[in-house]
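Student: Could you take a close look at one part of this model with me? I'd like to know what surrounds the ligand.

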Amino acid sequence: MGTNKNYSNKKPNNKSQHFQNKKKGSLISNVNNHKMNKQDIKNKLNDGVLVYSGPLTVTELSEKLGVSAVDIVRSLFLEKIMVNVNTTLNDDYIELVALKFGYEVQKEKIVALENFEEMEINDDPTMLVERPPVVTIMGHVDHGKTTLLDAIRKSRVVAGEFGGITQHIGAYQTTVKGNKITFIDTPGHEAFTEMRARGAKITDIVIIVVAADDGVKPQTIEAVNHAKAAHVPIIVAVNKMDKPAANYDRVVQQMSDLGLMPEEWGGSTIYRKISAKVGTGLDELLETILLVAEMENLKANPNRYALGTIVEAKLDKQRGPIATFLVQNGTLRIGDCVVAGTCFGKVRQLRDDFGRQLSEAGPSSPIEVSGLQDVPTAGDKFMAFENEKMAREIAAKRKEAKILSERKVTSANTLESFIATSGEHQEINVIIRADVQGSAEAVKNALEKLKVEDVSVNVIASYAGAITESDVLLAKTSNAIIYGFNVRPDSIVRRKALEEGVDIRLHNIIYNLLEEMTAAMKGMLKPIYKEVVTGQAEVRQTFKVGKVGVIAGCYVTLGVIKSNATVRLIRAGIVVYEGKLSSLKRFKDDVKEVKEGFECGMMIDGYNDIKELDIIEGYEMQEVERK
Ligand code: GDP
């Protein structure tokens, strides 16, 4: 595949699409690596910036700058740098020359096509059209997020948009005065943040729902923080206004304390009074969303191959892998070849949340897609490609890269398990496969929360879909166990696992899975020992015996002193020595133990500084059973 900054991903009639480099933000024209013509040069240099992507020869630089190669050679010569027209210049020299001719430089990072999420697409402004806003609803539990989402969803049925039963695909669209709004159907900031953590920015506007009778609560504050962190405009929907205890002013006051000052107080946050249950204020809220969207100037180019984010994905027993795509730019069509995360697919069916089959889906459309070969992960980016071979290759490369990066993590884990043998932290590596992404996440979260002393679970991958041979390989290389939740491996995968010595464990009840894991974690631990003092003796007299050392004549005041015990010598309450006994005698005989109330002679191995009235305490380490 190689690198290709000029990959246009364009539809036949679209002459001017560009990939933009994220770092520098400059426009790369869509020329196919041929030399630029004069107009290109002029365009490039209009703003006094030379844009280039790699080493240039003097001749190439001269073409880019529109100056003669000889002038460049001469200017470098004046700097005591000897070059000829064919010399390749490094970045420093290119910058030096450019500056001499009055230009700044900007170096493009060439982004490989397989890293398509890193590419910032910069469409020709004339190709852009308005796109619907994508809205996420957040707020404290029980404040009415789900009721609001349902009310909006239902209102369009009432409005006669479509009289059918809707199905949950993770997002839906509604139409207000001819304008569409897309709602992400998973309320709450966890999903929002999870997506963001995976680099997916899909939300244009956040609605924070606050119950008027309850006011700001911890999750309201979290939601505000998450929305602020994402730099997304916030609309506050003060819900449950139908309730007698509703106190709008208190909510406004509390939200203002969080920095969301209303317009009437000189701030910029829009507040709307609603009752999701009764249905009041919803139209105003929807219109407000459109208003905010207009200010945001949300645009996309429907005339390009689609790209966007996976909102949800699962393995459907009849239809195979199914994923909800949020098209963020371009148009997705049946028959398009896509790469979603690391999965290749050829779009077989497109369905909206009414279950209607569509032939294409434009910007901001949530659409259920079938035809993928595997189940991607929510938050993965997708992109459509004009050619199947290319898409397959890109998917394969991405898969390879993912496995490699997981292996890297693995080697670190191996290191940790190495540390573990020296008694520190141990981790059990786990790969999770489940029937739906939600279960995979649930199993992952539950396993990661398990902690038995110094052993924890490290989930290196968790996804929806059947267990594959590549999972087995990943498990093998990362010394991991595979957990299948509501999925079963086929015979090929089972054989592979046997060959590779990989443990596959299948469960359909999460509790059993956790119990099994907890038992395994306990089993991995080295036994814990507890110190148990067996007895104490008081030194009554000491005898120095030639080269042998000092014998302490003692009286056992408590319990029993054993000959193999570890002892500590305590003087005036301070431990002055710890060691083993080298001899324990009653009269002249060696004995195994001496009980309370008896006299004995003791010698401490390697220690002779024993004094009268010292206490010798004997103790042993006993294994403690784990709970
Ligand atoms: P979520 O946890 O934020 O999704 O909250 P829900 O939408 O599940 O709502 C929690 C409870 O509040 C449910 O019993 C709803 O019927 C109720 N509720 C939601 N909106 C309103 C409203 O506007 N007025 C009243 N009176 N109750 C509401």
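Tutor: Let's start at the ligand and then move to a sheet.
Keep in mind that this is a predicted model, so to speak: local features need pLDDT of at least 70, side-chain atom pairs count only at pLDDT 80 or more, and totals for chains, interfaces and linings use all residues. Residues are numbered from 1 along each chain as its sequence is written, and side-chain values use heavy atoms, with hydrogens and water left out.

The ligand has 15 residues around it, and the closest are Asp142, Lys145, Thr146, Thr147 and Asp242. To be near, a residue must have a heavy atom within 4 Å of the molecule. Sorted by class, this shell holds six charged, seven polar and two nonpolar residues. Here Asp, Glu, Lys and Arg are charged, Ala, Val, Leu, Ile, Met, Phe, Trp, Tyr, Cys and Pro are nonpolar, and the others, Gly among them, are polar. Helix α5 (residues 145-158) gives the largest share of the shell, three residues. Helices are DSSP runs (H or I) of at least four residues and strands are runs (E) of at least two, numbered from the N terminus.

Now for the polar contacts, meaning pairs of N or O atoms within 3.5 Å. Asn239 puts a polar side-chain atom 3.0 Å from a ligand oxygen. Backbone atoms take part too: a polar one of Lys277 is 3.2 Å from a ligand oxygen, and a polar one of His143 is 3.3 Å from a ligand oxygen. On its own the ligand exposes 580 Å², and the protein buries 76% of that; these areas come from the Shrake-Rupley method with a 1.4 Å probe.

Asn239 also leads us to a sheet, as β12 covers 234-239. That strand belongs to an open, six-stranded sheet with mixed pairing, ordered β9-β10-β8-β11-β12-β13. Two strands count as paired if DSSP finds at least two bridges between them. At the edges sit β9 (171-176) and β13 (270-273), each pairing on one side only. Neighbouring strands here are turned by 30° against each other on average, direction ignored. Over at the β9 edge, β9 pairs with β10 (residues 179-184) in the antiparallel sense over six bridges, with Val176 opposite Asn179 in β10.

Helix α8 (residues 248-257) lies across β11 (205-211), β12 and β13, at about 155° to β13. Contact means heavy atoms within 4.5 Å; axes are lines fitted to C-alpha atoms, for helices over the stretch in contact, with angles from 0 to 180 degrees between N-to-C directions.

Definitions and conventions
A polar contact is a pair of N or O atoms within 3.5 Å; within protein, one must be able to donate a hydrogen and the other to accept it, and residues adjacent in sequence count only if both atoms are side-chain atoms.
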